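These are my notebook entries on one structure, written down in the order in which I looked things up.

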Amino acid sequence: MQWRSIVVGLLVLRVLLNCAVWLVFGLGPSWGFDFPIKFTFNLHKIQLLQDGDRATVKTNAWLQHMYDNRNPQAKTCSKISGNSPKKSYLSFFQEGRDDYDRKYSSFPDALKVKMRGMARDMFYFGYDNYMKFAFPEDELNPIACEGRGPDVLNPSNININDVLGNYSLTLIDALDTLLVLGNVTEFHRAVKLVIDTVSFDKDSTVQVFEANIRILGSLISAHILLTDPRHPFGDIALKDYDNELLHLAHDLAVRLLPAFENTSTGIPYPRVNLKRGVPPDSINETCTAGAGSLLVEFGILSRLIGDSTFEWVARRAVKALWNLRSNETGLLGNVVNIQTGQWVGKQSGLGAGMDSFYEYLLKSYILFGEKEDYRMFSAVYESIQSHLRRGREACNEGDGDPPLYVNVNMFNGQIMNTWIDSLQAFFPGLQVLNGDVENAICLHAFYYAIWKRFGALPERYNWQLQAPDVLFYPLRPELVESTYLLYQATKNPFYLHVGMDILESLEKNTKVRCGYATLHHVVDKSKEDRMESFFLSETCKYLYLLFDEDNPLHKSESKYIFTTEGHVVPIDQRFREKSWEDQFPCEEPNKEPPANISNTKCCLTVIIREAHAQMSFLDLFHEDVLLVEEEYNGCGGEVTVVTDTVEQVETLMHSVLWLERHGKTGTMSYALRAAMKMIQVTPSKQWIHFFLSER
Ligand code: DMJ
């Protein structure tokens with residue numbers, strides 16, 4: 001009897017406590033997020049939740065869609081139908097003169113200047129303190145005012161070790177923001193520091209994706225901006241600069257390459273040790289974004305140095321993932337086994353594990369002009385609209401809830417859970433790049449409404465319970481990134497107000513003694529002692545750019561794009577050319593291959609890396625490579641050639657000449673000539689890895 005009273009007592013207490021929490025924080029269904037945005041009229045009338053602005057309760061119609069989705073007949077909102085006339089998104093901003101107009105339809109220049117200054121100060125408060133208390137370590141602990149490096153005591157702490165490689169991460173990640181802020185002197189100082197102090201010869205096991213977007217991407221971006229002959233940021237040439245940033249980027253990329261070896265699908269391992277390659281105990285599972293978002297950086301690197309290897313492995317990974325999409329829905333899952341190609345995570349969504357996969361299909365197309373990338377992007381965008389988008393058909397009018405993109409099973413499109421995550425807030429920015437501004441406006445407003453409520457975005461928000469599921473906010477940039485891109489697209493002052501709001505809440509809720517700290521709990525605003533590098537490379541950069549209309553990036557005749565880590569890259573003709581194809585065509589035009597060489601068009605990609613040499617190259621050349629030619633003349637094979645010294649590789653040249661003299665000048669010999677060229681490009685590397693692929 002007694003225990004029953006205790007249980008009942010505890011239950012009553014729990015209910016009372018919940019009520020108290022709802023009343024205080026507005027987390028409960030009757031007080032909370034009854035989708036406080038009303039799109040029943042134009043955008044500047046959106047009822048963004050303000051103090052005392054509590055919406056009335058109504059049944060959540062998404063729940064209904066969850067069931068409707070099981071019956072395709074009943075599904076009314078997931079496809080855009082062609083017959084209901086829709087207003088242009090511009091009309092969202094054109095009507096009425098009331099309180100909303102007064103608040104959102106203008107943004108004084110003086111306020112813009114003030115906000116730009118605030119964004120600049122925010123960056124420097126984080127950056128200067130990092131330099132003072134943390135450099136050369138990877139990150140700043142902004143509360144303790146000290147540096148943070150990899151967690152060597154706990155190698156399985158991947159939250160830290162995936163990102164921190166003992167390579168001054170925050171300094172590298174912040175490089176181009178210094179230029180965006182117009183601080184050429186500090187940019188030069190930072191570049192020199194990187195050149196003089198950073199080495200990737202470290203016993204650090206990092207995530208390939210993180211090293212790529214934060215380090216490789218930043219190095220390439222800084223190199224390109226530094227050497228851009230059009231001088232978009234004025235004459236910022238650095239005396240005696242000898243492409244060191246590019247060499248560093250190349251060195252890092254070579255250290256990431258082992259992730260692409262010994263994988264049956266071509267989808268890379270998620271982690272490598274920078275000194276020793278893939279750890280022997282590596283898992284065979286990776287997320288789609290991690291494996292499929294390497295193409296922008298790897299592609300630019302390849303095109304800068306004239307070595308197709310990097311782009312080739314990144315493309316092979318994208319292709320492999322793409323080929324695993326569902327035949328039914330066209331969607332991909334979020335986790336895949338790199339050896340079997342089986343989907344381990346069948347969840348398809350816009351957020352964690354998938355986000356930048358979509359982003360890089362479109363951005364690769366924009367940068368490199370490869371139509372295939374856009375074909376993939378369009379197809380998956382359509383699948384997203386068909387299977388992930390719920391809510392009413394039009395963004396800004398009609399009945400039903402405003403649109404929302406949910407997480408579904410990739411094979412049947414059924415909803416898998418009722419949360420969205422804060423990473424998804426990047427998607428409106430991508431929709432802008434894709435020209436779908438209307439959907440971008442709606443989705444952005446949805447995330448902004450959540451921000452308004454908490455002064456941050458909780459890592460996961462449960463749209464059914466209308467409450468956060470995961471409460472931390474690590475200073476992520478996605479909402480401000482979309483805000484910036486939407487402002488560029490619409491020039492509507494509403495987005496300047498959003499930016500101001502974000503800036504002010506960051507100041508109020510996350511500023512600590514030596515920087516800005518991760519929010520541990522978006523409701524009680526308790527903090528964690530961590531400032532991720534993307535706060536400086538993205539959050540501050542987009543905030544600054546939002547208010548800096550005259551920034552060279554906006555005025556320059558060149559067009560720019562941002563990598564997924566916010567690094568600036570010009571859209572440049574030289575990235576639309578593949579020098580290796582001009583120099584070493586896979587097959588000579590108008591020339592029949594000799595009879596003993598397969599007619600199949602092969603292209604050979606070569607990776608050169610440090611070696612543990614055992615056999616002479618010449619032996620291998622005669623015994624193995626020719627053998628490979630016979631065995632693999634249908635393409636699709638791989639062979640690794642190990643050499644003792646670079647000199648031995650030179651023997652290859654003679655061998656190729658011999659091949660040609662003996663009439664064996666087919667695709668293989670062209671490929672080998674490409675290999676020779678590679679050797680000249682990187683004379684210090686000593687092993688060669690051949691990939692044979694079908695063209
Ligand atoms: C950044 O490193 C990049 O924007 C990445 O694409 C996603 N995660 C973080 C920021 O949240």
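**Entry 1: Glu-459 and its partner**

I began with Glu-459, which I found in the loop between helix H16 (437–454) and strand E13 (460–462). I note at the outset that the model is predicted. With a relative accessibility of 12%, Glu-459 counts as buried, because the limit for that class is under 20%. I then looked for a partner of its side chain and found Arg-476, the two side chains being joined by a polar contact of 2.8 Å.

**Entry 2: The ligand**

Arg-476 led me on to the ligand, since an N or O atom of the Arg-476 side chain is 2.7 Å from an oxygen atom of the ligand. I recorded a distance of 2.7 Å also for a polar side-chain atom of Glu-478 and an oxygen atom of the ligand, and again 2.7 Å for a polar side-chain atom of Thr-564 and a ligand oxygen. How much of the accessible area that the ligand has on its own does the protein cover? I read off 93% of 290 Å².

For the surroundings of the ligand I listed Ile-213, Leu-423, Arg-476, Pro-477, Glu-478, Phe-534, Glu-538, Thr-564 and Glu-565. Sorting this shell by residue class, I obtained four nonpolar residues, one polar residue and four charged residues.

**Entry 3: Aromatic rings**

I turned next to the rings, keeping in mind that an aromatic pair is described by the distance of the ring centres and the angle of the planes. The structure holds 25 aromatic pairs, and I examined two of them in detail. For Phe-123 and Tyr-124 I found the ring centres 5.2 Å apart and the planes at 75°, so this pair is edge-to-face; both Phe-123 and Tyr-124 are buried. For Phe-426 and Phe-427 the centres are 5.8 Å apart and the planes stand at 80°, which is over 60 degrees and therefore edge-to-face. Phe-426 and Phe-427 are both buried as well.

Which aromatic cluster takes in Phe-426 and Phe-427? I found that they form one cluster with Tyr-365, Tyr-374, Phe-377, Tyr-381 and Tyr-405.

I also looked for charges placed over rings. Arg-460 lies over the face of Trp-419, 3.7 Å from the ring centre, and the charged end of Lys-511 sits over the ring of Phe-125, at 4.5 Å from the centre of that ring.

**Entry 4: Backbone exceptions**

Before checking the backbone I reminded myself that most residues other than glycine have a negative phi and that most peptide bonds are trans. Against that background I noted that the peptide bond from Phe-135 to Pro-136 is cis, with omega near 10°; Pro-136 belongs to the loop between helix H4 (109–134) and strand E1 (139–141).

I then wrote down Ser-168, whose phi is positive, near 50°, and which I located in the loop between helix H5 (158–161) and helix H6 (169–180). Asn-243 has a positive phi too, near 60°, and is placed in the loop between helix H8 (208–227) and helix H9 (244–256). Are Ser-168 and Asn-243 buried or partly exposed? Ser-168 counts as buried at 5% relative accessibility, whereas Asn-243, with a relative accessible area of 32%, is partly exposed.

How values were computed
Residues are numbered from 1 along each chain as its sequence is written. This is a predicted model: local features need pLDDT of at least 70, side-chain atom pairs count only at pLDDT 80 or more; totals for chains, interfaces and linings use all residues. Side-chain values use heavy atoms; hydrogens and water are left out. A residue is near a molecule or strand if one of its heavy atoms lies within 4 Å of it. A polar contact is a pair of N or O atoms within 3.5 Å; within protein, one must be able to donate a hydrogen and the other to accept it, and residues adjacent in sequence count only if both atoms are side-chain atoms. Accessible areas come from the Shrake-Rupley method with a 1.4 Å probe; for residues, only the protein chains shown count as cover. Ala, Val, Leu, Ile, Met, Phe, Trp, Tyr, Cys and Pro count as nonpolar, Asp, Glu, Lys and Arg as charged, and the others, Gly among them, as polar. Rings of Phe, Tyr and Trp (its six-membered ring) pair if their centres lie within 6.5 Å; planes under 30 degrees apart count as stacked, over 60 as edge-to-face and the rest as tilted. Buried means under 20% relative accessible area, exposed over 50%, partly exposed in between (1.4 Å probe, protein chains only). A charge sits over a ring if NZ of Lys or CZ of Arg is within 6 Å of the ring centre and within 35 degrees of the ring normal. Helices (H or I, at least four residues) and strands (E, at least two) are DSSP runs, numbered from the N terminus.
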